[in-house]
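Trainee: I am new to this structure and would be grateful for a close look at its salt bridges. Which residues take part, and where do they lie?

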Amino acid sequence: MSYDDVETVAETAWIRQDSGLWEKTGNPWSTCNVGGGTVFFGGAAFRYRPVDFDAESRLGRSDLPLRWPWTVDEIDPYYEFVELALGISGGGHDPSLPSNPSYPMRPVETTAEGAAIQAAARSLGLNPFPTPLAIATESYHGRLACAGERPCISNRCERGAKGDALTVFLDPARKAGLRLFAGLKAVRLLRRDATSVDGVECVRVDNGNRHVLRARHVVVAGNAVQSAALLLRSTDEVSPQGLGNEHDMVGRGLCFKMSGYVLGYRRTDSPVTPGGGRVAGPGPFSTAAITDYYTADDAPGGLGGVIFESRPEEALQLRPDEQIIRLECIVPDQPRAENRVTLGRGVDQFGLPDVVMDYSPHPRDRARLEYLQQRAEGILRAAGCELTWRESSYFWMGSTHLHGTCRSGTDPRTSVTDPDGRVHGLTNLMVVDGGVMPYPGGVNPTLTIQALALRMACQLLRREFGIDPDFSL
């Protein structure tokens, strides 16, 4: 199973093109499958940086609060547990972190392209380091080590070397008794009384039959787009605009995280791989990262982002003395109240309103991405690339990095959930996905989403059941 297989059957959303026209071609999913986007991601497992928890220290106040209701110190223990559970491979010195994590496994073997990136970056006075990856470099908790047989990105790892949520969390939970209902779509949440809910109405996607699942506690983790859409569909007499939407905040602050690729071509004096042609692409998708521009006084707003090796998803047949080096640049997009998820007037085959993703990046964010891509081009030139070019990630169509529509905070007028993920005004409804992030951060969000979800789950166990979770593996 590949990402393309899943994408062909996933629903689409309405998006606004640069021309101002609307098209139903947006991606309201990271991926629509059991295990989510982690099944097909490349494994990048960066922690968020201190500035990500308080971007107002650089950008100042905005129409939406940018400061998180959690500190780095509060999240660190949960980062550590998730890193151990996933089996992160990494090492080296990341200059944008106050201290470097102690990962359970050594870094993946550096690719020839990664080595060229690291050498070029050092020649420019930068501090490259191995990309932290949820990829096993040795046998780990019953998972086999990576064999580098195919591109990680957009493919499920049949060996279990990639620490995806299905392999690490869901499969063990099912063996322990978890009941998983695949093939159901949540239609609406059902209110029990003025301050609580008691179930979820669902539809079977294969036959359209409706079912109601009752629960003492309901935890929503659909992703930033789908969770917001579910709350908006959950209208009743008490909440005619949707659950948690008394202040018209559900869906607002939608962030996709801006990104783009820069590629370089070079010929080498000696063969990159002796003995004939080679195929570029298979194996871990990234082995070199650069965060020296994460905060930079000459960057727009004083913030840049991360640059890291991003190997092609398609295998490329090259001559022995040829290299194509591909870098990805990621910058955070500033949350804006006007960027939001709403419901459209059309309906799908189940009679549910279309999802609308109304998004346009802030001009300063566009300038920030341009700033970072120019630095990436400089690295490629320092690596000896005689030709460079750019590829779009089409992030504005709905990226795999979805944030901000159910923002967490202490003020119900500017947030949807409290710092523990509970929807304001409801005692037993939680949101625990990337939607709770008040600011999207400048690196891949998977590790942070999982750390936040773990923290909120632990708070729920302590608060409602008097259970203090054991973090031992």
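Mentor: The following account takes up the salt bridges of this chain one pair at a time. The model is predicted, and the count of salt bridges in it comes to 35.

One of them joins the side chains of R49 and D94, with a nitrogen-to-oxygen distance of 2.0 Å. This pair links distant parts of the chain, 45 residues apart: R49 belongs to the loop between β2 (22-26) and α2 (50-53), and D94 to the loop between α4 (72-86) and α5 (112-123). Both R49 and D94 are buried.

Another salt bridge is formed by R191 and D236, whose closest N and O atoms are 2.8 Å apart. Because R191 is in strand β3 (residues 184-193) while D236 is in the loop between α7 (224-233) and β7 (258-267), the pair ties together parts that are 45 residues apart in sequence.

The side chains of R390 and E377 also meet in a salt bridge, at 2.9 Å from N to O. Here a strand and a helix are involved: R390 lies in β15 (residues 387-392) and E377 in α8 (residues 363-382), so parts 13 residues apart in sequence are tied together. As to accessibility, R390 has a relative value of 33% and therefore counts as partly exposed. E377, by contrast, counts as buried because its relative accessibility is 15%, and the cut-off for buried is under 20%.

Finally, salt bridges with shared partners join E74, D420, R455, R463 and E464 into one network.

Technical notes
Residues are numbered from 1 along each chain as its sequence is written. This is a predicted model: local features need pLDDT of at least 70, side-chain atom pairs count only at pLDDT 80 or more; totals for chains, interfaces and linings use all residues. Side-chain values use heavy atoms; hydrogens and water are left out. A salt bridge is a side-chain nitrogen of Lys or Arg within 4 Å of a carboxyl oxygen of Asp or Glu. Helices (H or I, at least four residues) and strands (E, at least two) are DSSP runs, numbered from the N terminus. Buried means under 20% relative accessible area, exposed over 50%, partly exposed in between (1.4 Å probe, protein chains only).
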